[in-house]
Amino acid sequence: MLARIWSAAIVGIDAVKVGVEVDISGGLPGMVVVGLPDTAVQESRERTKAALKNAGFPFPMRKIVVNLTPADLRKEGPSFDLPISMGVLAAAEQVKTDSLEDLLFLGEVSLDGSLRPVAGVLAIAAAAKRLGMRGIVVPANNAREAAVVPGLAVYGFAHLSEVADFLNNPTGYAPIHLDGLAELAKAQPNTLDLRDVKGQAQARRALEIAAAGGHNLVFVGPPGSGKTMLARRLPSILPALSFDEALEVTQIHSVAGLLKDKGSLITHRPFRSPHHSASGPSLVGGGSIPRPGEISLAHRGILFLDELTEFKRDVLEFLRQPLEDGYVTITRTRQSVEFPAQFTLVASTNPCPCGYYGDPVQPCTCSPRGREQYWARLSGPLMDRIDLQVVVGRLKPEEMTRVAEGEPSETVRQRVEMARDRAHHRFAADPTLQCNADMQSRHLRAWCPLDSTTQTLMETAVRKLGLSARATDRILKVARTIADLEGADHLQAQHVAEAIQYRTIDRMQ
Ligand SMILES: Nc1ncnc2c1ncn2[C@@H]1O[C@H](COP(=O)(O)OP(=O)(O)O)[C@@H](O)[C@H]1O
Ligand SMILES: [Mg+2]
């Protein structure tokens, strides 16, 4: 007999429906899997056989052909174990086939028949909903992840025999419910709070501007001055994720296989800090079947590159295009996929090779030439895309011993949200814009006109610092955010003057 079960395969961060057809006929006993399966899918034969036997089902000693459709799509990974097992049982008439048409199945099986979680369940659940399927059957540890999708019946099971029982008695099982909005509302505040940071008024201000306008930021300062500490507190002042954003972020993490065990909706903005030994593919995504990299895992959140100069230069070059476009395209012979990558870049670096240039206590031991080479290395094309370049100096002794706490993150976050609201209001005409950092030259002409005093100020800065046209645009964007934080409709000289201050690296040269 012939049976068909629905499953799905991941393509990029999306999923497409895969039909698993199983035919049992006379002939020499054996099992073949056709339809572009990779090795993991091929091995599914052996797992399925053992699992069904160990779960107490008589394995049909006949010829079994498993065909995965569409034939031209490459199928990978162990997630077809469950649909193949159920297909064999259905074709052998050991389970009822009534509910097979509108349910989607996926899961890895162990040799004892228990179900193990797989990657990409949320993406597949979202696709199932979009394709009009009624529900999805997944390993129990994936159930909460799938249940994030509203309006889809999710059934989670720990063992093959439970799935078989469910097919024979579908009304005996209730789908799992999870209220995504409630999960989001329950999200705990960030544990790292700005109130722990003493002094550092300018760095705190820069964090606030970065959060309000989505500007990329670099901290320059000696070791131990608090650069890492400050950067890690940026998520605590960002606006909360909306439900749609949370779904989007969760989907990317799901496809990357990071939610495999008991994962559910991600309720916080991501903060990714890859080590400086990271390779290009781990940063931007890759693999024979493309998977998202750190920049996509940081989507709608922060990518933190600590000790920027330690990263390999060619690896950093990979960041240029995604920083401009907000997505990354990965091309392979069989497929080309796009991963979203809208993140705020935060970096930290020492001011010179020894780390102490400009420090009032410890003298810098670098030669002037060594310093110049270092800055030349810093001021590459990546630095050109960083709006805020901020010096973080060593705390003064009286600041260090002060007991009073700094301003708490929650207060700062409220100002950030107000500034973002102003920007959204302005962007109503152009929905491609999310924050001030996204503005192009034409937007700047419309929204950042300068009066004559401010114009003169800007010209002086361009001349003195030798600013490029791109750097000039960046100053205007930052000035726009400063004005938004102040609640001002028009750019004024003080907004631009403050924005110019954040060109430290241009000034060092
Ligand atoms: N402004 C500050 N307020 C409170 N503690 C600080 C401050 N700056 C530094 N520290 C302390 O010094 C430690 C080292 O700071 P860190 O952020 O790692 O410095 P950097 O990254 O610049 O080398 C922090 O973990 C923190 O305990
Ligand atoms: Mg550090």
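Let's start at Phe304, whose bridge partner in β17 is Val346. I should say right away that this is a predicted model. That pair of residues belongs to the contact between β14 and strand β17, residues 344-349; four bridges join the two strands, and they run parallel.

Stay with β14 for a moment, residues 302-305. Which way do its side chains go? Ile302 and Phe304 point one way, Leu303 and Leu305 point the other way, and all of them are buried. On another side of our story, β14 is joined to β11 by two bridges, again in parallel. There, Arg272 has Leu303 of β14 as its bridge partner.

Now let's put these strands together. They belong to an open sheet of five strands with parallel pairing, and the order is β11-β14-β17-β10-β18. Which strands sit at the edges? They are β11, residues 271-272, and β18, residues 388-391, and each of these pairs on one side only. As a quick reminder, strands of a sheet pair through backbone hydrogen bonds, either parallel or antiparallel.

At the β18 end, four bridges join β18 to strand β10, residues 217-220, and those two run parallel. If you want a pair to look for on your screen, take Val220, whose bridge partner in β18 is Val391.

Right beside that in the sequence is Val390, so to speak our guide to the next topic. What does Val390 touch, leaving aside neighbours within four places in sequence? Its contacts are Gln202, Ala203, Ala206, Leu217, Phe219, Val220, Tyr502 and Thr504. Val390 also turns up in the largest nonpolar core, which has 147 residues. Ile124, Ala125, Ala146, Val390 and Ala479 are the members that touch the most other members. Helix α3, residues 121-130, gives this core its largest share, eight residues.

Next, please scroll to the beginning of the chain. Strand β1, residues 2-11, pairs with strand β2, residues 14-25, in the antiparallel sense over ten bridges. One of the pairs there is Trp6 with Gly19 of β2. The two strands form a hairpin with two residues between them, and Gly12 in the turn has a positive phi of about 65 degrees. From there, β2 goes on to pair with strand β4, residues 63-69, also antiparallel, over seven bridges. In that pairing, Ile24 has Ile64 of β4 as its bridge partner.

Is Ile5, in strand β1, buried or exposed? Ile5 is buried, because 29 other C-beta atoms lie within 10 Å. Setting aside neighbours within four places in sequence, Ile5 is in contact with Val20, Pro83, Met86, Gly87, Ala90, Leu100 and Phe105. For a sense of distance, the C-alpha atoms of Ile5 and Gln440 are 49 Å apart, with their positions 435 residues apart along the chain.

Leu104 makes a nice companion, and you will find this residue in strand β5, residues 103-105. Leu104 is buried too, with 27 other C-beta atoms within 10 Å. Not counting residues up to four places away in sequence, Leu104 touches Trp6, Ser7, Ala8, Ile124, Ala128, Met133 and Ile136. You have met Trp6 already, as the bridge partner of Gly19, and Ile124 as a member of the core.

Let's jump to a helix late in the chain, α20, residues 493-501. Which of its residues are buried? They are His495, Val496, Ala499 and Ile500. These four cover an arc of only 135 degrees around the axis, which means they are on the same side of α20. The general background is that an α-helix has 3.6 residues a turn, so residues three or four places apart point the same way. The buried residues of α20 pack against α18, residues 452-465, and α19, residues 469-486.

There is a ligand as well. Around ligand 1 there are 14 residues, and Lys198, Gly226, Lys227, Thr228 and Met229 come nearest. Helix α8, residues 227-231, gives the most to this shell, with three residues. By class, the shell has four nonpolar, eight polar and two charged residues.

Finally, let's zoom out to the whole chain. The secondary structure comes to 21 helices and 18 strands. The C-alpha atoms fill a box of roughly 90 × 45 × 45 Å, taken along the principal axes. Of the 509 residues, 45% are buried. And among contacts with a separation of 6 or more, 75% are between residues 24 or more positions apart.

Notes:
Residues are numbered from 1 along each chain as its sequence is written. Chains are lettered from A and ligands numbered from 1 in the order in which they are written. This is a predicted model: local features need pLDDT of at least 70, side-chain atom pairs count only at pLDDT 80 or more; totals for chains, interfaces and linings use all residues. Two strands pair if DSSP finds at least two bridges between them. A residue is near a molecule or strand if its C-beta atom, placed from the backbone, lies within 6 Å of it. Ala, Val, Leu, Ile, Met, Phe, Trp, Tyr, Cys and Pro count as nonpolar, Asp, Glu, Lys and Arg as charged, and the others, Gly among them, as polar. A residue is buried if 20 or more other C-beta atoms lie within 10 Å of its own, exposed if 12 or fewer, and partly exposed in between; C-beta atoms are placed from the backbone. Two residues are in contact if their C-beta atoms, placed from the backbone, lie within 7 Å. The arc is that of the directions from the helix axis to the C-beta atoms. A nonpolar core is a set of buried Ala, Val, Leu, Ile, Met, Phe, Trp, Tyr and Cys residues joined through C-beta atoms within 7 Å.
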